[in-house]
Amino acid sequence: MNIILHGVAIGGGIAIGRAHLISHSMDDVAHYSLEDHEIAAEVTRFDDAVRATRKELEMLWGSIPENAPAELGAFLSLHIMLLGDVTISREPRDIIEKQACNAEWALKLQCDQLVEQFDAIEEDYLRERKNDVLQVVERIFKNLDGHAPQLPAPGDLLEDTILVAHDLSPADMAYFKDSNFAAFVTDVGGTTSHTAILGRSLDLPSVIALHQARELVREDEQIIVDGQQGVLIVNPDELVLNEYRRRQRAWRDARRKLSSIRKSSAQTKDGTPVELLANIELPKDVDDVRDSGAVGVGLFRSEFLFLGRDTLPTEDEQFESYRTVAEALKGQPVTIRTMDLGADKNPKWLNHDVADNPALGLTGIRLCLAEPLMFRAQLRALLRASVFGKIKILFPMVNSLGELKQAIAQVEYAKQELKEEGQRFAEDVEVGAMIEIPSAALVVGSFLKHVDFLSIGTNDLIQYTLAIDRNDDSVSHLYDPVHPAVLKLILHTIRTGIKGNVPVSVCGEMAGDPRLTRLLLAMGLRKFSMHPSSLLSVKQVVLNTHLDDIAPIAGRMLRSEDPDKIADLLQLLNAGPGD
Ligand code: PEP
Ligand code: MG
């Protein structure tokens, strides 16, 4: 069947390949067969998950606060009772044995059958108990998680493999960074979700928020992914294939042409120098930094060293990673952001409950300050690595001067410790704060005396200013980088930095979007940090821009509070002289 789906374009050109479905959640369950000798262990794995679920429910039941509504205890008792029912705790075992399949699949088959039975019940109250069964089953699933090979081994992917998933977490994307595949698509996700950011950093065609791809696409079907237009085509006919092959060639030719400016220094037509830096997630990304012609790393998202593993990396392991990057950059700046965990980046080893509203919870610098030993180990590793290159330390999600001072005090403690141990570090290592919460942007003037640099994280700044979840595609049409409130906060930060002589960069996705380059230049920005894959497109705009030409239109944009007018002026700004 020929199907066309539209989603949010993440870029990376066009891929033509074969679908490989990725399994994850309950609606998206892995199915694999077992050898006879593996069955007993699989049954035990299932029993263990049921036992762990019971323990969890009993603990929850035992810790119900006195003032909690009576229904809470009743629901938990019901869940404990459901868990003890043979249909949930015994029959999946029989399915594992009879069908020689994995525990998740057996549980899913059993769950589907139960749901069908519940749906057939006429009495409302009883029919609604279906959700209780689903919640209990979800809990067992979670307890099975981590043991089953749900994701394919990176080495098993082929060059024309296109990953089709309901969702991919930042940890999954980091996992796939090592593999060779053609493209990926997901059903959910916002434009600046970490999945999208990693997709861009992989520089592969990708489309997110397709809603039904995982349901409609079949394993091994031929698909086209157009990462520029946000389109997925399943089973294309020869005519469509030929058209997309032509577009693919055109896209590659345009990329090749761009590489001619790789070595040119980035400066506007009037000779104003602009620093174009790279964002990276892992030490091995330094090859892309070099290839892109970036003049350093403006954002190393160090938390990726902490994801997708069962234990916290040691100080020495971290030191090796930071040293590798610092040495590879040969004296160019390497801005390493201290771990920005929490929200959608929750490593297995971090035993924190996922909060109801994680983006407003214990994330970024808050988490670091709440876990001082973990933070100290990272700071010590960063300081020790600072003698091997030009490392700068950047604090994420700073919300107030108080938090900034506490973070700096931790750097001082770490320095003191290293001194006492006789370990070497660069005394003058620079520290900076990310401006990505509106409160920080509004009080940025108070930060100036305490930092060597500032970096604006527009992804979160937009999310928190507009109250739009950056991961939620149902509101992604409202996620607006040029909303006048966002522009005011960015402008205020840049101008305050200029006035106080503190360099300011932008390291959110806005910095890598060539449609916003002129606007940011006109706002006074001279440092842009982005995915290496976006660097040449941004450089081309810089080279084609004269600051005097863009000032009048940009000025009108920055004075306006009317989104329609701003959108029209942005078009005018980009269509103006220079192109
Ligand atoms: C940002 O918020 O803009 C940013 C660069 O940080 P991250 O995308 O990793 O949250
Ligand atoms: Mg951020």
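**Exercise 1. Two helices near the C-terminal end of the numbering given here**

The crossing of α22 and α23 is left-handed. This is a predicted model. Task: find how the axes of α22 and α23 are arranged, and which residues make the contact.

Solution.
- Step 1. Locate the helices: α22 covers residues 547–559 and α23 covers residues 563–575.
- Step 2. Take the axes of α22 and α23, which come within 9 Å and cross at roughly 165 degrees.
- Step 3. Classify the angle. Angles over 145 degrees count as roughly antiparallel, so α22 is roughly antiparallel to α23.
- Step 4. List the contact. From α22 it takes in Ile550, Ile553, Ala554, Arg556 and Met557, and from α23 Ile566, Leu569, Leu570, Leu572 and Leu573.

**Exercise 2. The magnesium ion**

Task: name the residues that coordinate the magnesium ion (ligand 2), and state which parts of the chain they tie together.

Solution.
- Step 1. The coordinating residues are Glu436, through OE, and Asp460, through OD, at 2.0 to 2.1 Å.
- Step 2. Place each one. Glutamate 436 sits in the loop between β13 (430–435) and α17 (438–442), while aspartate 460 belongs to helix α18 (residues 458–466).
- Step 3. The pair therefore ties together parts that are 24 residues apart in sequence.
- Step 4. Check the accessibility. Glutamate 436 has a relative accessible area of 2% and is buried; aspartate 460, with 8%, is buried as well.

**Exercise 3. The surroundings of α18**

Task: decide whether α18 is mostly covered or mostly open, and find what covers its buried residues.

Solution.
- Step 1. Eight of the nine residues of α18 are buried, and the helix is mostly covered.
- Step 2. The buried residues are Thr458, Asn459, Asp460, Leu461, Ile462, Gln463, Tyr464 and Leu466.
- Step 3. Among the elements covering them are α9 (194–202), β10 (297–301), α17, β14 (453–456), α19 (484–500) and β15 (504–506).
- Step 4. Look at α19 in particular. The axes of α18 and α19 come within 10 Å and cross at roughly 130 degrees, which makes α18 oblique to α19. This crossing is right-handed.
- Step 5. Name the residues that meet: Thr458, Leu461, Ile462, Thr465 and Leu466 in α18, and Ala485, Val486, Leu489 and Ile490 in α19.

**Exercise 4. Two alanines with positive phi**

Task: compare alanine 209 and alanine 467 by phi, location and accessibility.

Solution.
- Step 1. Recall the background: most residues other than glycine have a negative phi.
- Step 2. Read the angles. Alanine 209 has a positive phi of about 60 degrees, and phi of alanine 467 is near 55 degrees.
- Step 3. Find the locations. Alanine 209 is in the loop between β6 (206–208) and α10 (213–216). Alanine 467 is in the loop between α18 and α19, just after α18.
- Step 4. Read the accessibility. Alanine 209 is buried, at 5% relative accessible area, whereas alanine 467 is exposed, at 69%.

**Exercise 5. The nonpolar cores**

Task: state how many residues the largest nonpolar core has, and which helix gives the most to it.

Solution.
- Step 1. The largest core has 101 residues.
- Step 2. Those with the most contacts inside this core are Tyr322, Phe395, Leu454, Ile490, Met523 and Phe528.
- Step 3. Helix α15 (residues 372–385) gives the most, with seven residues.
- Step 4. Set apart the second core, which is separate, has 31 residues and includes Leu57, Trp105, Leu107 and Val133.
- Step 5. Follow one member of the largest core. Beyond four places in sequence, phenylalanine 528 is in contact with Val274, Glu275, Leu276, Leu277, Val506, Ala511, Thr517, Leu520 and Leu521.

**Exercise 6. Alanine 165**

Task: describe where alanine 165 lies and what it touches.

Solution.
- Step 1. Alanine 165 is part of strand β4 (residues 161–165).
- Step 2. Its relative accessibility is 1%, so alanine 165 counts as buried.
- Step 3. Not counting residues up to four places away in sequence, alanine 165 touches Ile22, Val185, Thr186, Asp187 and Arg214.
- Step 4. Compare it with leucine 521, which lies 356 residues apart from alanine 165 along the chain; their C-alpha atoms are separated by 38 Å.

Conventions:
Residues are numbered from 1 along each chain as its sequence is written. Chains are lettered from A and ligands numbered from 1 in the order in which they are written. This is a predicted model: local features need pLDDT of at least 70, side-chain atom pairs count only at pLDDT 80 or more; totals for chains, interfaces and linings use all residues. Side-chain values use heavy atoms; hydrogens and water are left out. Donors are N, O and S atoms within 2.8 Å of the metal (3.2 Å for Na, K and Ca); water is not among the atoms, so sites may look incomplete. Helices (H or I, at least four residues) and strands (E, at least two) are DSSP runs, numbered from the N terminus. Buried means under 20% relative accessible area, exposed over 50%, partly exposed in between (1.4 Å probe, protein chains only). A nonpolar core is a set of buried Ala, Val, Leu, Ile, Met, Phe, Trp, Tyr and Cys residues joined through side-chain atoms within 4.5 Å. Contact means heavy atoms within 4.5 Å. Axes are lines fitted to C-alpha atoms, for helices over the stretch in contact, and angles run from 0 to 180 degrees between N-to-C directions. Angles under 35 degrees count as roughly parallel, over 145 as roughly antiparallel, 65 to 115 as roughly perpendicular and the rest as oblique. A crossing is left-handed if the near helix is turned anticlockwise from the far one by less than a right angle, and right-handed if clockwise.
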